[in-house]
Each structure stands twice: as structure tokens, then as C-alpha cells.
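Let's take a walk through this protein together, going from one local detail to the next and then out to the whole. Keep the viewer open as you read.

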Amino acid sequence: MFSINARGRQLRRPAAAPTQAAEPAATFRAGPATPQQQVAAAQPAGPLRATPEAARALLLSGRVPDELIVSGALRLSHEPRLRELPRWLECTHLDVSDCPNLNLLPERLRATSVQAARTGVRELTGDWLVREHVNLSGNRQLRRLPERLTARSLDVGNCAALAQLPATLHLTSWVEVAGSGLTALPSGLRVNIHWQGTAVDERTAFRPEDLKAGEILNVRNVTRRRVLLERFGLDRFIQEVGGLVIDRDRDAGGERQLIRIPLDDDEPVVALRVRCPSTAHTYVLRVPPHVRTCRRAAAWLAGFENEQDYRPLIET
């Protein structure tokens, strides 16, 4: 039975799942036959079965079957020609990262792992069963995940338009959320939260305004402390903790200060506090710990290794 769905293509919905369908009459194998000839030879009664090489050639040719079972890994990364994947897809590993024109991913997906970072996809729907990791990072237009998504771990870092995860999402290990639009996890989801690969709590990930500077100073794990400091904000951190002013001078915006805050078991925080002459807004900008003068800090921030080369005619 055929119908037209929102994806704009004709679909055949089988009576049973593809894994239970009758064995097709033809199987793709590498050989002289073209993907188009192989498609023509396949019976329409069940999902099309293909080797990874044949499946890749078929999909890049633009001839996308409704259902496809690949006998291995399907690797299509960095392919601007790729625009859509089959509605039903089974394979071992799926890699379609860095395919900027890909905007249709499967509605039913069975795989061991999925790499689908930095594509053109806006919405994902349906039923995804992935044994290991799903990487959707960098999909800046992605607004929706499949209603039924099961995986060990999920990366939605830098998915700025993704405001929430499905309530039915099932993960068993962790979720990466840095740079996403998420403000909370579904109430029933109990997994570790990662921010740029570092485990954090919900407050650090979603409510950094509730953190206190003293808590950050007491954190012993250096990597986690750096994440907390990033989430807390350097300007606010210096306001609450203070710090030692190790140099002062003046520029077009007024007085500049170079501030140093020592940290246990880590390099100190060194930052330049400067006022913008155009807006009068004060900025606190972190610089390398070896910097000792405001001029050297300003030169480094402007991209100069040698402060003698930094001679701005106008500072804004």
C-alpha cells in the first residue's frame, strides 16, 4: 500500500518489520552491475539488501530505496551529494557526518553506532534503536529528536536550536549538552551529563547562575574546575573572589588592570580587565598565565606574540 508522507516521497509500509520480511530475490554484491541495474533486479516485496559498497553507490546516485539493509558499515561522511537516506535503514555503523545537504534521515533505524554530526537535518522522527553511541553534535538547525530513541550515549553538543529531549528517550550512560539549547533533561532520564566531555551536575549544565565562586575554588579536579569556571563566568568569578592586580595602565577606554588569581594544583587565572571606549562596557578577558603587563595582554588578545608589534592607531 502506498501513501505520500511529509517527507515528500512515496512509501510502502510492510505488514511486518523488515527483519521479518521474506527473503528478497537479489542481494547487492560488488561487480560490474551498476546500482541502478541492481535496484531494477531487486524484488519490491521486501527490503533491499546491499553490500556497503553497493549501498554507498546507490545512495550517492540519488536512487534512494524506501527500505535498505546493509551488510556492514555505511560510510558516507563528507559527501555534499548526499541528500537523504532510506526511510527504513539497518546497518552496523552509520557515518554521515559533514554532509551539509543531508536533511532526511531514517524514520526507522537499526545500527550499532551513528555519526551524524554537522548535517543539514532539522527534524528527526520515528524509532531509532542504536546499540552504542549516537553523535548528532553541531547540527545547529536540529529542533527535534526521534520520539523513540534508544542508545548507550548521545551527543547533542552545539545543537543550539534543540530546546528539549523527548520524554521517551532512553539512554544508559551519558548525554553531552554543551552549546545545545537544552535547559533541563526529561524527568525520567537518569544519566550522566557531560559538558565538553567532562561530567557535571544539572546545576552546572543548566543553572550556572546558582553556582558560587567558593565552590569552584574548592573543586579538586582540575578539568571539572575549568568547566565550572567557564559556566560561572570569568567576570563574575573575579568580582566574587577578587584577585591580585599585578599591573595597571591606561588606554582609550580608561584604566586597564591585569588581575591574577592563584588556583590549587593548576595554573593561575590571569585576566585583563578593560573598558570599551565606544560602549563603556567593562570586559574581563583571560590571557596566558605568563603574561605580566596590560600591554602584553592586549597584544596577545589582538593576535601579536611580540608586544612591540602591537601599535593600534585607534582602539575601539
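Q196 sits in the loop that links β14 to β15 (198-200). This is a predicted model, and in it the phi of Q196 comes out near 55°, a positive value for a residue that is not glycine. Is Q196 buried or exposed? Its relative accessibility is 53%, and since exposed means over 50%, Q196 counts as exposed.

A second residue to look up is D98. Here too phi is positive in a residue other than glycine, with a value near 60°. D98 belongs to the loop between β7 (93-95) and β8 (108-111). At 22% relative accessibility, D98 is classed as partly exposed, because buried would require a value under 20%.

Now step back from Q196 to the strand that precedes its loop. Strand β14 covers residues 192-195 and runs parallel to β13, with 3 bridges joining the two. Across this pairing, E176 stands opposite H194 in β14. Strand β13 (residues 170-176) also pairs with β12 (residues 148-155), again in the parallel sense, and here there are 5 bridges. In β13, V175 is the residue that stands opposite L154. As you rotate this part of the model, it helps to remember that side chains in a regular strand alternate between the two faces of the sheet.

L154 deserves a longer look. Which residues does L154 touch, once those up to four places away in sequence are set aside? The list includes H133, V134, L136, L145 and L149, and it continues with L165, L169, L171, W174, V175 and E176. L154 is also one of three residues, with L85 and L145, that touch the most other members of the largest nonpolar core, a group of 54 residues. The element that gives the most to this core is helix α2 (residues 52-60), which supplies 5 residues. A separate core lies apart from the largest one; it has 16 residues, including F232, F237, I238 and A271. As background, nonpolar side chains in soluble globular proteins tend to be buried together.

Two of the residues just named bring us to the aromatic rings. How many aromatic pairs does a search of the whole structure find? The search turns up 2. In one of them, the ring centres of F232 and F237 are 6.3 Å apart and the planes meet at 90°, so this pair is edge-to-face. Both F232 and F237 are buried. The other pair is F304 with Y310, whose ring centres are 5.8 Å apart; their planes lie at 50°, so the arrangement is tilted. Y310 has a relative accessibility of 12% and so counts as buried, whereas F304, with a relative accessible area of 31%, is partly exposed. One more ring is worth finding: the charged end of R231 sits over the ring of W195, 3.9 Å from the ring's centre.

Next, move to helix α7 (residues 294-301). Its buried residues are C294, R296, A297, A298 and A299. Which strands do they pack against? The answer is β16 (244-251), β17 (254-263), β18 (266-275) and β19 (282-287). Just beyond the helix comes G303, where phi is positive, at about 95°.

One last local stop is V219, in the loop between α4 (213-218) and α5 (222-232). With a relative accessible area of 12%, V219 is buried. Outside its neighbours within four places in sequence, V219 is in contact with R224, R225 and L228. The C-alpha atoms of V219 and D264 are 9.2 Å apart in space, although the two residues are separated by 45 positions in sequence.

Finally, zoom out to the whole protein. It has 7 helices and 19 strands. Of its 316 residues, 47% are buried. The protein exposes about 16,200 Å², and carbon and sulfur atoms supply 48% of that area. Among contacts with a separation of 6 or more, residues 24 or more positions apart account for 20%.

Note on methods: Residues numbered from 1 in each chain as written. Predicted model: local features only at pLDDT ≥ 70, side-chain atom pairs only at ≥ 80, totals over all residues. Heavy atoms only, no water. Core = buried A, V, L, I, M, F, W, Y, C linked by side-chain atoms within 4.5 Å. Buried < 20%, exposed > 50% of the residue type's maximum accessible area, 1.4 Å probe, protein only. Helix = DSSP H or I, 4+ residues; strand = E, 2+ residues; numbered from the N terminus. Contact = heavy atoms within 4.5 Å. Phe/Tyr/Trp six-rings, centres within 6.5 Å; stacked < 30°, edge-to-face > 60°. Lys NZ or Arg CZ within 6 Å of the ring centre and 35° of its normal. Pairing = 2+ DSSP bridges. Areas by Shrake-Rupley, 256 points an atom, 1.4 Å probe, with all protein chains shown as cover.
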